[in-house]
Amino acid sequence: MIEERIRQVFAAAGAEGRLHAVPVHGPASAVGEAGERHAGAGAKSGAGDGAESGATAGATVGAEQPGGREVGVGADDPVVIASIFKVLLVLEFARQAAAGQLDPRERVRVTAADRLGGWGTAGCLDDVELSLRDLAHFAMSVSDNSAADLLLDRVGLDTVRLLAAELGLERTRIVGGPRDLLESMLAEVGARDERDFAARYPALPDDRKRRLAVLDPRRTTASTPREITRLLRLIWTDAAGPPEACSLVRDLMSRQVFRHRLVSGFPDDVTVAAKTGTLPGLHMEAGVVRHPDGECHAVAVFARTHALAASRPTVDAAVGRAAGIAVGFLRGEGR
């Protein structure tokens, strides 16, 4: 069974995985858009139908759309989504910009107090100033946490939560931005700041590390693999907001620089637009995969390692491999 093959991929990497993959179909305006990028840089292409979700037990066919197909491994299980929440955040920003509720060129200053460490402005040594739309760009392309926090401050946490409800993501919960999650981790470990956390965390017993709220889908920002692919399909079909808003999200997802997960599971002529998420022991990515023949699939993959010291490249490769197997099955390859 396809389900068992996927489980074996995760098990070989010392992880347990959850996955949902489904074809996406939609208006011609969202398929084969200009400016595609090949696998590794992503691609803004594909479409989604926004069909209602249904139950999945293993690999199932026909639950997502009339005559449709899907692959699900724990597709309705709750999962921590970490930085994948930035897709919803940037979608809300794009909707507000399209509605004239904010000016995407509005300038924002990122100061030392805003920095969380990491990529983009989050790792800058000096204050920087940029537009709201560039905050969105950095939040999606390099998963910039400081940019995401500042953008969330501007569009509103409650508004992002309302958007999830509007889109029918009934099991998706956003507890806050990256800083909220970081402060939760610091408080639980008893650390004063990030540097203190980095010193204290390695000395914690593994069972103590696993009890952190940010790793528990019941206590942190979470969703299900099926709801994440639903979100992607709504964006790709221009059903998640005005067409210009959905197009912007697709464009920004195509700019993600990370190549180590979904992209690794596909040939070079396949294009991918996606968003990663990472926390200790958690490796995830969700995106839309487009083959040269124009076929598109939404895929959401979540891996949790059994050992917190598990090899990251091995687990990351398993994410791509599982996605490749699921999409290949849906395309009728290798049967």
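**Exercise 1. Count the salt bridges, then place three of them.**

How many salt bridges does the structure hold? The structure holds 26 salt bridges. A salt bridge here is a side-chain nitrogen of Lys or Arg within 4 Å of a carboxyl oxygen of Asp or Glu. The model is predicted: local features need pLDDT of at least 70, side-chain atom pairs count only at pLDDT 80 or more, and totals for chains, interfaces and linings use all residues. Residues are numbered from 1 along each chain as its sequence is written, and side-chain values use heavy atoms, with hydrogens and water left out.

Step 1. Take Arg18. Arg18 pairs with Glu16 in a salt bridge, with the closest N and O atoms 3.1 Å apart. Glu16 has a relative accessible area of 40% and is partly exposed. The classes are: buried under 20% relative accessible area, exposed over 50%, partly exposed in between (1.4 Å probe, protein chains only).

Step 2. Take Arg109. Its side chain meets that of Glu129 in a salt bridge, at 4.0 Å from N to O. This pair links distant parts of the chain: Arg109 sits in strand E4 (residues 107-110) and Glu129 in strand E5 (residues 128-131), 20 residues apart. Helices (H or I, at least four residues) and strands (E, at least two) are DSSP runs, numbered from the N terminus. Arg109 is partly exposed at 46%. Glu129 is partly exposed at 44%.

Step 3. Take Arg331. Arg331 forms a salt bridge with Glu295, the closest N and O atoms being 3.3 Å apart. Arg331 lies in the segment after H11 and Glu295 in the loop between strands E8 (282-290) and E9 (296-305), so the pair ties together parts 36 residues apart in sequence. Arg331 is partly exposed at 22%. Glu295 is partly exposed at 32%.

Step 4. Look for a network. Salt bridges link Arg107, Arg109, Arg115, Asp127 and Glu129.

**Exercise 2. Describe helix H11 and what follows.**

Step 1. Get the span. H11 (residues 312-330) has 19 residues and reaches 28 Å from its first C-alpha to its last. That is close to the expected 27 Å, where the expected span is 1.5 Å times one less than the number of residues.

Step 2. Is H11 mostly covered or mostly open? H11 is mostly covered, with 14 of its 19 residues buried.

Step 3. Move past the end. Just after H11, Gly332 takes a positive phi of about 75 degrees.

**Exercise 3. Work out the surroundings of Ser223.**

Step 1. Locate Ser223. Ser223 is in strand E6 (residues 222-223).

Step 2. Is Ser223 buried or exposed? At 1% relative accessibility, Ser223 is buried.

Step 3. Find its side-chain partner. The Ser223 side chain makes a polar contact with that of Thr172, at 2.6 Å.

Step 4. List contacts (heavy atoms within 4.5 Å). Neighbours within four places in sequence aside, Ser223 contacts residues including Asp77, Pro78, Arg171 and Ile228.

**Exercise 4. Find the nonpolar cores.**

Step 1. Define the set. A nonpolar core joins buried Ala, Val, Leu, Ile, Met, Phe, Trp, Tyr and Cys residues through side-chain atoms within 4.5 Å.

Step 2. Take the largest core. The largest core has 71 residues, and Leu88, Leu135, Leu167 and Ile235 have the most contacts inside it. Helix H2 (residues 85-98) gives the largest share, eight residues.

Step 3. Probe Leu167. Not counting residues up to four places away in sequence, Leu167 touches Leu88, Leu91, Arg230, Leu231, Leu234 and Ala240.

Step 4. Find another core. Apart from the largest core lies one of 30 residues, among them Ala21, Val73, Val270 and Val272.

Methods: A polar contact is a pair of N or O atoms within 3.5 Å; within protein, one must be able to donate a hydrogen and the other to accept it, and residues adjacent in sequence count only if both atoms are side-chain atoms.
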